[in-house]
Amino acid sequence: MADKKDIDFTYTTLDKIFRVSIGETGDFSGARYNGDFSLKLEEAQRAKHEFIADQLNIHERSRVLEMGSGWGPFLKFIKEKRGVIGKGLTLSDGQYQACKKNGFEVYIKDCRTVKPEDFGTFDAVVSVGAFEHFCSIEDYKAGNQEKIYRNFFETVANLLPVGGRFFLQTMTFTKNMIDCDAMDINADKDSDAYILALTAKHLPGSWLPYGSEMIIRNAAPFFKVVNISSGRLDYIETIKQWRKMLRKFSLKKYWLYLKLILQLIKDKEFRHMVQVFRVSPIKVCFERDVMDHYRIVFEKI
């Protein structure tokens, strides 16, 4: 899977810039517009949080674990709106420090290795945007992708009682995905080969599942599906709004950009990060239907 260095490259590198642009506890995952793109981004993210909490039956006595807590937006929501002090896991130092600063109970830990003896069991488990990082391209090429997913679902199941619910939000590849060996960072800049190679530079150590079918198949020994929907169009709109906010001028933000450039200018990967910011390859993959995005509610059987 993506290791701590990979996660820090993706998330800690942009930590301060993201919080200055999007908010101290901003979401770094697709919002839930549910067809109403007149909503503000904050409203659509709140709608996502409400949907998750309702689907998982979260109330003031619930024990909730978030696998991949980001900067703590969902932990903040359930604390303020449901009276729940949830626990969160992350591998990003930047996100961990920000969460601790804002009073959230967050730990640096690999989601795939958590056991009941670590924190106990829970009434509900949430994972928004972490699943993408559990399998690497090397794992995929070695034929281990489905084994990794089955083991993860078993890990989650061991943390829940029968009837306990798990919310998973993740990107996936579609039937239009090209062969992984065809990805080429030196290919034509408008080609899928280049866009996907650039996506891989943005998310090192990460490889997506092939459709919701692969996810559900590997969850089946432990969970039944209660609700599933595609959020591909919602994620396109989310990224559009992020790009506006990240580009909006402020002296503090652009000073952070300058510091980041000075830090990374000698890094051979830096030119790719510049292109990621300019092109937004994940958005292009969604627009070309090379990638999809799913919200799935599971119930332990």
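Which backbone nitrogen lies 2.9 Å from a polar atom of the side chain of serine 62? The one that belongs to histidine 59. Bear in mind as you look around that this is a predicted model.

## The overall picture

Let's start with the whole chain. The protein has 301 residues, and 55% of them count as buried. Its secondary structure comes to 14 helices and seven strands. Take the contacts with a separation of 6 or more: residues 24 or more positions apart account for 76% of them.

## Two buried serines

Back to serine 62. You'll find this residue in the loop between α3 (41-55) and β1 (64-67). Serine 62 has 8% relative accessibility, so it counts as buried, the cut-off being under 20%. Besides the link to the backbone nitrogen of histidine 59, serine 62 touches Asn57, Val84 and Asp123, leaving out residues up to four places away in sequence.

Serine 29 is another one to click on. This serine sits in the loop between α2 (15-22) and α3, and its relative accessible area of 7% makes it buried. Its side chain joins that of lysine 48 through a polar contact of 2.6 Å. Lysine 48 also shows up in the contact list of serine 29, together with Gln45, Val128, Gln169, Tyr235, Thr238 and Trp242; neighbours within four places in sequence are left aside here.

## Helix α5 and its ends

Helix α5 covers residues 93-101, and its buried residues include Gly94, Gln95, Ala98 and Cys99. Those four span an arc of only 125° around the axis, so they end up on the same side of α5.

Now for the ends. Serine 92 caps the N-terminal end of α5, with a side-chain oxygen 3.4 Å from the backbone nitrogen of glycine 94. Just after the helix comes glycine 103, with a positive phi of about 85°.

## The nonpolar cores

The largest nonpolar core holds 63 residues. Which residues have the most contacts inside it? They are Met67, Phe153, Phe166, Phe223 and Phe298. Phenylalanine 298 is a handy one to display: its contacts include Phe153, Phe166 and Phe223, along with Gly164, Arg165, Leu168, Ile215, Ala219, Lys224, Val225 and Val226, neighbours within four places in sequence left aside. A second, separate core has 19 residues, among them Phe51, Leu56, Ile78 and Val128.

## A cavity to look into

Rolling a probe the size of a water molecule over the atoms shows where empty space is left. For this model, a search of the whole structure turns up three cavities of 30 Å³ or more.

The second largest cavity has a volume of about 120 Å³. Its lining is made up of Glu132, Phe173, Met177, Met183, Leu196, Thr199, Ala200, Leu203, Ser206, Trp207, Leu208 and Met291. Helix α9 (residues 192-202) gives the most to that lining, with three residues.

## Positive phi without glycine

Serine 280 is not a glycine, yet its phi is positive, at about 55°. Serine 280 lies in the loop between α13 (270-279) and α14 (281-287). Is serine 280 buried or exposed? It's buried, with a relative accessible area of 9%.

Aspartate 289 is also a residue other than glycine with a positive phi, in this case near 60°. You'll find aspartate 289 in the loop between α14 and β7 (291-300). This aspartate is partly exposed, its relative accessible area being 27%.

## Two more spots worth a click

Arginine 278 belongs to helix α13. It has other arginines for company: leaving aside neighbours within four places in sequence, arginine 278 is in contact with Arg243 and Arg247. Arginine 278 and arginine 243 are 35 residues apart along the chain, and their C-alpha atoms are separated by 9.3 Å.

Valine 162 is in the loop between α8 (145-158) and β5 (165-173). With 65% relative accessibility, this valine counts as exposed, because the cut-off is over 50%. Valine 162 touches Lys300 and Ile301, not counting residues up to four places away in sequence. Its C-alpha atom is separated by 9.3 Å from that of phenylalanine 223, with the two residues 61 apart along the chain. Phenylalanine 223 is one of the residues with the most contacts inside the largest nonpolar core.

Technical notes
Residues are numbered from 1 along each chain as its sequence is written. This is a predicted model: local features need pLDDT of at least 70, side-chain atom pairs count only at pLDDT 80 or more; totals for chains, interfaces and linings use all residues. Side-chain values use heavy atoms; hydrogens and water are left out. Buried means under 20% relative accessible area, exposed over 50%, partly exposed in between (1.4 Å probe, protein chains only). The arc is that of the directions from the helix axis to the C-beta atoms. A polar contact is a pair of N or O atoms within 3.5 Å; within protein, one must be able to donate a hydrogen and the other to accept it, and residues adjacent in sequence count only if both atoms are side-chain atoms. Contact means heavy atoms within 4.5 Å. A nonpolar core is a set of buried Ala, Val, Leu, Ile, Met, Phe, Trp, Tyr and Cys residues joined through side-chain atoms within 4.5 Å. On a 1 Å grid over the protein atoms alone, a cavity is a set of points where a 1.4 Å probe fits but cannot get out, and a pocket is an open set with protein on both sides within 12 Å along at least five of seven lines; lining residues have an atom within 4 Å of a point. Grid points are joined across faces, edges and corners, and a volume is the space filled by probe spheres set on the points.
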